[in-house]
Amino acid sequence: MKLPKFIRNNLILKITSLNSLVVGARLLMSLVVQKLLAEYTGQAGIAKVGQLRNISSILMSLTSLGTFNGVVKYVSEYKSDQKNLLKLFSTLYVFSFTASVVLFFILFFGASYFSHKLFLSDTYAVVFKLMAVAVPFISMNRIFSGVINGISDYKKHTKIEFISHFLAAVLLLVSLYFYSLKGVLVAIALTPIIQFAVLIIIFGKLLKDYVDFKSITFKIPFLKQLLGFTAMSFVATVLSNYVEIDLRTLILDRISEAEAGSWTAMNSISKIYMQFLIAIFSLYILPKYATINTSFEFRIEIKKIYTSLVPLVFIGMVLVYVLRNVLIEVIFTDAFMGMAILFKWQLAGDFVRFIANVLSYQFLAKKQIKYFVSTQLIGLAMYYVFGRYYLSSFGTEGVVMALFVSNLIYLGIVFFVLRNTFFGKNRDI
């Protein structure tokens with residue numbers, strides 16, 4: 001299908017539109033999966049699935065020591081520099097091997113502990129043992145995905161995303177049919193293996209042009225350059241997912257498992273529509289920012305991104321809000337209808353976060369570690385503190401209110417840090 005000319009001439013819209021086709025297909029798959037999960041496992045099952053998905057997100061960061069954005073940045077900079085690419089991937093090999101071995105032993109031998117901690121039962125220990133086996137695949141998948149994003153090969157990225165999510169959805173539904181909730185959790189644990197297989201089949205040949213596997217050594221010449229990304233990922237991914245796990249557990253303890261499931265369901269819907277935007281950050285924004293060297297260039301790019309995407313994002317979120325009751329009925333069941341009150345705060349919080357992230361990715365692109373880590377930490381701390389405080393006064397709705405308030409604070413802090421880039425004379429950045 002040929003895209004309209006105004007989209008073909010705008011790379012941001014071109015990537016977004018192609019990505020939207022894939023995300024749209026993923027949305028349909030997610031609708032089916034979420035509907036069946038809600039019907040067969042209820043709110044309690046949705047809460048358990050949320051716990052495990054948070055753990056999976058944490059592992060995505062830890063298995064490669066949080067170097068995904070570093071891979072995107074340096075691959076985009078050294079596409080034609082085989083010497084530096086070899087240094088980069090040698091360091092990544094050491095990082096990946098070390099993290100995979102450590103995490104395998106922690107997950108495999110601590111399976112009963114994690115099962116009891118997250119699910120209040122030893123029943124799901126086998127899930128964590130399977131996750132331990134999947135750890136190397138998670139690591140390699142994350143690193144090679146960084147290469148795809150670094151060279152901005154959005155066509156292969158969309159193809160990989162579609163096929164891998166389709167196969168993962170099939171596995172999950174088959175597991176749900178035969179083994180109920182435990183089967184679903186096992187399917188989630190095994191999904192990284194499927195994703196890696198699809199990535200290698202589609203991207204394997206081209207990958208060899210950037211990664212000289214035979215010449216990779218067990219050395220860390222890029223240690224200094226990548227450690228900063230490790231610190232940034234630890235805050236952005238590991239701590240944020242930990243906070244989500246803790247808040248869900250708090251809702252479960254103070255209110256009910258059903259409320260924890262409704263809050264998790266709201267997060268699931270948020271993650272579904274935010275998928276339309278996430279790819280643009282790693283496929284376009286991060287590589288583009290890495291090549292920008294002056295404040296004037298940055299202002300021009302920010303204006304371009306905002307004028308291209310913000311109206312679309314706003315309209316999309318308004319539609320989600322208007323159709324919230326329909327979405328709940330379609331995606332979940334009538335038992336989840338109480339979550340409708342959460343939509344306005346979740347959507348407002350996500351919209352503010354999108355605006356803030358367009359700015360804050362400058363910290364990642366320029367490896368401004370102290371700015372990225374400090375702003376993220378403040379935002380997370382505000383979310384956690386307000387979440388616990390508002391939970392006591394407003395129940396589950398208070399946690400989502402806290403998301404909106406903390407994201408407003410985060411946006412204000414990011415804008416303050418970048419004020420000299422937005423105003424005044426042109427300068428190097």
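**Exercise 1. Lys 271**

Task: In this predicted model, decide whether Lys 271 counts as buried, partly exposed or exposed, and find which residues Lys 271 touches beyond its sequence neighbours.

Solution:
- Start with the cut-offs: buried means under 20% relative accessible area and exposed means over 50%, with partly exposed in between.
- Lys 271 has a relative accessibility of 40%, so Lys 271 counts as partly exposed.
- Next, place the residue: Lys 271 belongs to helix H9, which covers residues 257-291.
- Now look for partners. Setting aside residues up to four places away in sequence, Lys 271 touches Asn 54 and Glu 244.
- For a sense of distance, try Glu 301: this residue is 30 residues from Lys 271 along the chain, and their C-alpha atoms are separated by 26 Å.

**Exercise 2. Asn 54**

Task: Follow the contact from Lys 271 over to Asn 54, and work out where Asn 54 sits and what its side chain is joined to by a polar contact.

Solution:
- Asn 54 lies in helix H2, residues 11-62.
- Its relative accessibility is 0%, so Asn 54 counts as buried.
- Leave out neighbours within four places in sequence, and the contacts of Asn 54 are Asn 241, Glu 244, Ile 245, Arg 248 and Lys 271.
- Among these, pick Glu 244: its side chain and that of Asn 54 are joined by a polar contact of 3.2 Å.
- Put the two exercises together: Glu 244 is in contact with Asn 54, and Lys 271 touches Glu 244 as well.

**Exercise 3. Helix H3**

Task: How many of the residues of helix H3 are buried, and which are they?

Solution:
- Helix H3 runs over residues 68-77 and is mostly covered, with 9 of its 10 residues buried.
- Reading along the helix, the buried ones are Phe 68, Asn 69, Gly 70, Val 71, Val 72, Lys 73, Tyr 74, Val 75 and Ser 76.
- A useful reminder: an α-helix has 3.6 residues a turn, so residues three or four places apart point the same way.

**Exercise 4. The whole chain**

Task: Step back and describe the make-up of the chain, and how its radius of gyration relates to the globule rule.

Solution:
- Count the elements: the chain has 15 helices and 0 strands.
- The radius of gyration is 21 Å, close to the 22 Å from the globule rule for 429 residues, so the chain is as compact as a globular protein of that length.
- Along the principal axes, the C-alpha atoms fill a box of roughly 55 × 50 × 45 Å.
- Buried residues make up 53% of the 429.
- Finally, consider contacts with a separation of 6 or more: 81% of them involve residues 24 or more positions apart.

Terms used
Residues numbered from 1 in each chain as written. Predicted model: local features only at pLDDT ≥ 70, side-chain atom pairs only at ≥ 80, totals over all residues. Heavy atoms only, no water. Helix = DSSP H or I, 4+ residues; strand = E, 2+ residues; numbered from the N terminus. Rg over C-alpha atoms; globule rule 2.2 N^0.38 Å. Buried < 20%, exposed > 50% of the residue type's maximum accessible area, 1.4 Å probe, protein only. Contact = heavy atoms within 4.5 Å. Polar contact = N/O pair within 3.5 Å; in protein donor to acceptor, adjacent residues only side chain to side chain.
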